[in-house]
Amino acid sequence: MRELTIDLGDRSYPIYIGEGLLDQIASYFDKHGLSKKSPLFIVSDSNVAPRFLPKVQQKLEEGGYRVVTAVVPSGESSKSLAQFEQLITEALQAGLDRNSAVIALGGGVVGDLAGYVAAAYMRGIRFIQIPTTILAHDSSVGGKVAVNHPLAKNIIGAFHQPEMVFYDLATLQTLPEREVKSGLAEVVKHGLIWDTEFVDWIDAHADKLLALDAEALGYALYKGCSVKAAVVSQDERENDLRAILNLGHTIGHALEAVANYNELQHGEAISIGMVGSAILGVELGAPQEVYEVTKRVLQRCGLPVRLPEHLDTDEIMEAMMHDKKFKEGHMVYIIPTAIGKVEINKAMSAERVRAVVEQLKKEG
Ligand SMILES: NC(=O)c1ccc[n+]([C@@H]2O[C@H](COP(=O)([O-])OP(=O)(O)OC[C@H]3O[C@@H](n4cnc5c(N)ncnc54)[C@H](O)[C@@H]3O)[C@@H](O)[C@H]2O)c1
Ligand SMILES: O=C(O)C(=O)C[C@@H](O)[C@H](O)[C@H](O)COP(=O)(O)O
Ligand SMILES: [Zn+2]
């Protein structure tokens with residue numbers, strides 16, 4: 001078992017990463033002082049619930065906890081205000097009180113949605129993350145919780161830190177291949193922004209990661225979470241440094257929105273976005289290898305690098321204007337300057353970005 005801490009003063013919390021952790025979930029909840037009198041509200045989705053919810057519920061009930069559950073349809077469309085309201089209704093009907101906790105059992109969709117319910121219900125109750133996707137090594141850590149608006153991704157949300165991230169690697173063995181690849185995009189991102197050796201390691205171990213080799217996966221997720229922990233511990237509310245975790249996201253989020261949140265998985269969209277950032281980086285003076293290595297590692301992980309041609313460039317540019325980093329009329333981009341290093345560029349011209357969007361439609 002590996003353990004990491006997100007260092008946020010009195011809101012610090014651990015990330016536990018290990019095989020078979022779900023068997024011991026009740027003892028971890030005991031250690032964290034969860035209430036046995038107030039109901040725990042486990043939120044999961046329609047793919048994850050049949051696989052893991054009965055076990056989690058049984059282990060917690062055997063440990064003396066009161067459990068109520070809610071299952072949302074799988075997929076990004078569940079990150080909506082309508083689904084948020086439905087969960088608040090279910091929480092009220094189940095009698096959740098201020099000593100209750102919301103438990104997210106699933107990938108980033110469930111984590112972001114359930115987290116926003118935890119942030120808003122009675123102005124904020126306890127929250128625990130049980131990630132079940134590779135991608136969720138990113139989404140379960142750091143406290144960004146949100147739902148989408150048709151015009152913009154993650155635009156209705158809050159910062160609400162979990163009290164614990166409980167990552168049982170055994171759950172990853174049932175992930176569909178497309179989700180394995182999508183999740184690796186955020187692993188690659190953590191290397192590209194912070195750690196050149198980690199990028200080399202991913203390059204050399206992509207096959208093992210794609211094959212869900214337990215040792216390789218455990219190491220990659222630990223490293224990815226370590227980068228995220230280091231960044232979030234320094235800048236919890238994205239006043240500055242934390243923006244680097246958005247590498248590839250300005251373009252990526254716009255693609256997700258323009259594709260109606262149903263064509264591209266988050267990791268696929270940001271993979272294309274990271275290639276776009278690498279092109280911008282090279283144009284601004286970074287070595288050519290920034291583009292070559294970025295593209296090669298993403299392709300080794302089975303990720304797309306070409307922007308689907310039918311997505312309209314004007315709509316993509318319009319969607320980018322809703323990015324949370326767009327302030328006082330300026331586009332802000334996270335731009336690689338070398339492998340493992342990025343800078344926050346506050347003077348990016350929209351024309352340059354438009355040209356890169358067009359270029360991404362021809363990548364291959
Ligand atoms: N809050 C953050 O900091 C943060 C960071 C990164 C991404 N995100 C968000 O996370 C979301 C993407 O997360 P995701 O890729 O985990 O998507 P997801 O939650 O939709 O999961 C992907 C798919 O895998 C299924 N699934 C999940 N676990 C499974 C398992 N163990 N076995 C079989 N199937 C399983 C799900 O039902 C879903 O169909 C996006 O909404 C993105 O914006 C948030
Ligand atoms: O934690 C962060 O900070 C990130 O930017 C992580 C991203 O991978 C993630 O997709 C996040 O949800 C994006 O946040 P947003 O503020 O750009 O919506
Ligand atoms: Zn992301």
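**View 1. Ligand 2 has a shell that draws on both domains.** In this predicted model, domain 1 (2–174) and domain 2 (177–360) each give at least three residues to the shell around ligand 2. If you would like to find that shell yourself, look for Asp 138, Gly 142, Lys 144, Asn 154, Glu 186, Glu 238, Arg 242, Leu 245, Asn 246, His 249 and Lys 324. Sorted by class, the shell around ligand 2 holds six charged residues, four polar ones and one nonpolar one.

**View 2. Ligand 1 sits among 34 residues.** The closest of these are Asn 47, Gly 107, Gly 108, Thr 133 and Ser 139. Which helices should you follow here? At least two residues of the shell around ligand 1 come from each of helix 2 (48–62), helix 4 (108–120), helix 5 (136–139), helix 6 (177–194) and helix 10 (266–283). The shell around ligand 1 is made up of 18 polar, nine charged and seven nonpolar residues. Domain 1 (2–174) and domain 2 (177–360) each provide at least three residues of the shell around ligand 1.

**View 3. Domain 1 meets domain 2.** The protein is divided into these two parts, domain 1 covering 2–174 and domain 2 covering 177–360. Their C-alpha centres are 25 Å apart. Where the two parts touch, 28 residues of domain 1 are in contact with 31 residues of domain 2. On the domain 1 side, strand 1 (2–6), strand 2 (13–18), helix 5 and strand 8 (152–159) supply at least two residues each. Strand 8 gives the largest share of that side, with four residues. By class, the side of domain 1 that touches domain 2 has 15 nonpolar, seven polar and six charged residues.

**View 4. A stretch listed in UniProt covers residues 70–181.** An unreviewed UniProt entry lists these residues as "domain: 3-dehydroquinate synthase N-terminal". Try tracing the stretch from one end to the other: the C-alpha atoms at the ends of residues 70–181 are 28 Å apart. Along the way, 31% of the span is helix and 29% is strand.

**View 5. Ala 204 belongs to helix 7.** This helix runs through residues 196–210. Is Ala 204 buried or exposed? Ala 204 counts as exposed because 12 other C-beta atoms lie within 10 Å, and a residue with 12 or fewer is called exposed. While you are here, look for Val 297 as well: Ala 204 and Val 297 are 93 residues apart along the chain, with 9.0 Å between their C-alpha atoms.

Terms used
Residues numbered from 1 in each chain as written. Chains lettered and ligands numbered in written order. Predicted model: local features only at pLDDT ≥ 70, side-chain atom pairs only at ≥ 80, totals over all residues. Near = placed C-beta within 6 Å. Nonpolar A, V, L, I, M, F, W, Y, C, P; charged D, E, K, R; others polar. Domains from an automatic or database assignment. UniProt positions renumbered as here; feature names shortened; annotations may be inferred. Contact = placed C-beta atoms within 7 Å. Buried ≥ 20, exposed ≤ 12 C-beta atoms within 10 Å, placed from the backbone.
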